[in-house]
Amino acid sequence: MISLGFLTILISVGLIAVFKISHNFVARITSLGIVAATVFVVVFGFVSIKNATAGKQGVVGYTQRFIQENFQGRCFNFEKYAHSSRDTLWVVLRMDDIQSGAWNELSEMAVNDAIDRGIPPLLGVIPKDIENDKKTLRYLKKAKCNLEIAQHGWDHQLQDGAKYNGKAEFEDLSYEESFERIKKGKGILEGTFDTEVTTFIPPRNIYSKGTIQALMEQGFRDVSAKGDWTFDFDSTTYSYDYNRLETPNTIIDQCKLAWREKNICVIMTHPQDFTDLSGELDVEIYQRYYLGLLDQLSSYDNVGFITPKIYNDIYNQETVQ
Ligand SMILES: [Zn+2]
């Protein structure tokens, strides 16, 4: 470090001399720029090495984290997933219906509360018009390294303009129709968020054979719907069959059943599950049913949180077959 500091002083003195002597404007500005850049590089290098020797991930790790924390928002250290035991019982927290014009404080709080607990949520994002929603973009771009963005259909509308009773968007779509919708949606999500999208969540969890064919051809690796596949949902925070919120204990019991068959339990949730009749956040319900669930799951030593993309990396397998 001493020689580096000495070198900086030498370069700076030399360049300041150029600055003083030279009458050439370009030479003066360039010399000033080089002095500033040299000082910055040395100071940054010094701080990096200081942190590295203090046991913090080395210079490269420190630099990456520095950039992530200061320019991209806070990021999990995903290394911990790679070190998890293969016997870990995994939980995927799947949050659906992230869409243009619907992002609010509640969505942000639900995602932040998960991230703060070390849980990377799987967000089902409806692609149509999302590129025009500045509020959603601002948040998701910042938080994207802490979550996985999945494609949740194209526009999530029922077929033939139906309002309540009708066929789900991909229910009986042909290969060609599915291909078209998936392609434009994937293009928007990947272009907007600058991330690879490899998980598909069909609206209402229903899809046709043509959908699967179209997904495979477009590089999707996982589907989360209703069924027996690895990432199909096993539990949900709100039961539409009984019209009621499910308690953390009920959800964990359902996960225990799922863990008998596979090492994954996918829990489906929507932030609006925790609102009152006027659509406002019900704090007590939110704390008891949502945070209560996250905290209870986090308290088990052998339970870990994951998204399909990270799972694919650890287990080196994909689930679209
Ligand atoms: Zn949905």
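Q: Which residue is the bridge partner of Gly124 in S3?
A: In this predicted model, Gly124 has Ala150 of S3 as its bridge partner.

Q: What makes strand S2 and S3 count as a pair?
A: Two strands pair when there are at least two bridges between them. S2 (residues 122–125) and S3 are joined by four bridges, so the requirement of at least two is met. The two strands run in the parallel sense.

Q: Which residues point one way from strand S3, and which the other way?
A: Glu148 and Ala150 point one way from S3 (residues 148–151), while Ile149 and Gln151 point the other way. In a regular strand, side chains alternate between the two faces of the sheet. All four of these S3 residues are buried.

Q: Why is S9 called mostly covered?
A: A residue is buried if 20 or more other C-beta atoms lie within 10 Å of its own. In S9 (residues 264–269), six of six residues are buried. Ile264, Val266 and Met268 point one way from this strand, and Cys265, Ile267 and Thr269 the other way; all are buried. For the chain of 321 residues, the buried share is 30%.

Q: How do you know that S1 and S9 are paired, and in which sense do they run?
A: At least two bridges are needed for a pair, and six join S1 (residues 89–98) to S9. The two strands therefore count as a pair, and they run parallel. Within S9, Cys265 stands opposite Val91.

Q: How many bridges support the pairing of S6 with S9?
A: S6 (residues 235–236) pairs with S9 over two bridges, in the parallel sense. Since the criterion is at least two bridges, this pair satisfies it. Thr236 stands opposite Met268 in S9.

Q: Why does Asn104 count as buried, exposed or partly exposed?
A: Asn104 has 15 C-beta neighbours inside 10 Å. Buried requires 20 or more and exposed 12 or fewer, with partly exposed in between; Asn104 is therefore partly exposed. Its place is in the loop between S1 and helix H5 (105–116). The C-alpha atoms of Asn104 and Thr136 are separated by 8.5 Å, and these residues are 32 positions apart along the chain.

Q: What makes H9 and H10 oblique to each other?
A: The axes of H9 (residues 248–261) and H10 (residues 283–298) cross at roughly 45° and come within 9 Å. Angles under 35 degrees count as roughly parallel and 65 to 115 as roughly perpendicular; the crossing falls in neither range, so the helices are oblique. Pro248, Ile251 and Ile252 of H9 make the contact with Gly292, Leu293 and Gln296 of H10. By class, this contact has four nonpolar, two polar and no charged residues.

Q: Why are H7 and H8 also described by an orientation term, and which term is it?
A: Two packed helices are described by the angle between their axes and the distance between the axes. For H7 (residues 175–193) and H8 (residues 209–217), the angle is about 50° and the axes are 8 Å apart. This angle lies outside the roughly parallel range, under 35 degrees, and the roughly perpendicular range, 65 to 115, so H7 and H8 are oblique to each other. Their crossing is right-handed. The contact is made by Tyr175, Ser178, Phe179 and Ile182 of H7 with Gly210, Thr211, Gln213, Ala214 and Leu215 of H8.

Technical notes. Residues numbered from 1 in each chain as written. Predicted model: local features only at pLDDT ≥ 70, side-chain atom pairs only at ≥ 80, totals over all residues. Axes fitted to C-alpha atoms, helices over the stretch in contact; angles between N-to-C directions. Parallel < 35°, antiparallel > 145°, perpendicular 65-115°, else oblique. Contact = placed C-beta atoms within 7 Å. Nonpolar A, V, L, I, M, F, W, Y, C, P; charged D, E, K, R; others polar. Left-handed = near helix turned anticlockwise from the far one by under 90°.
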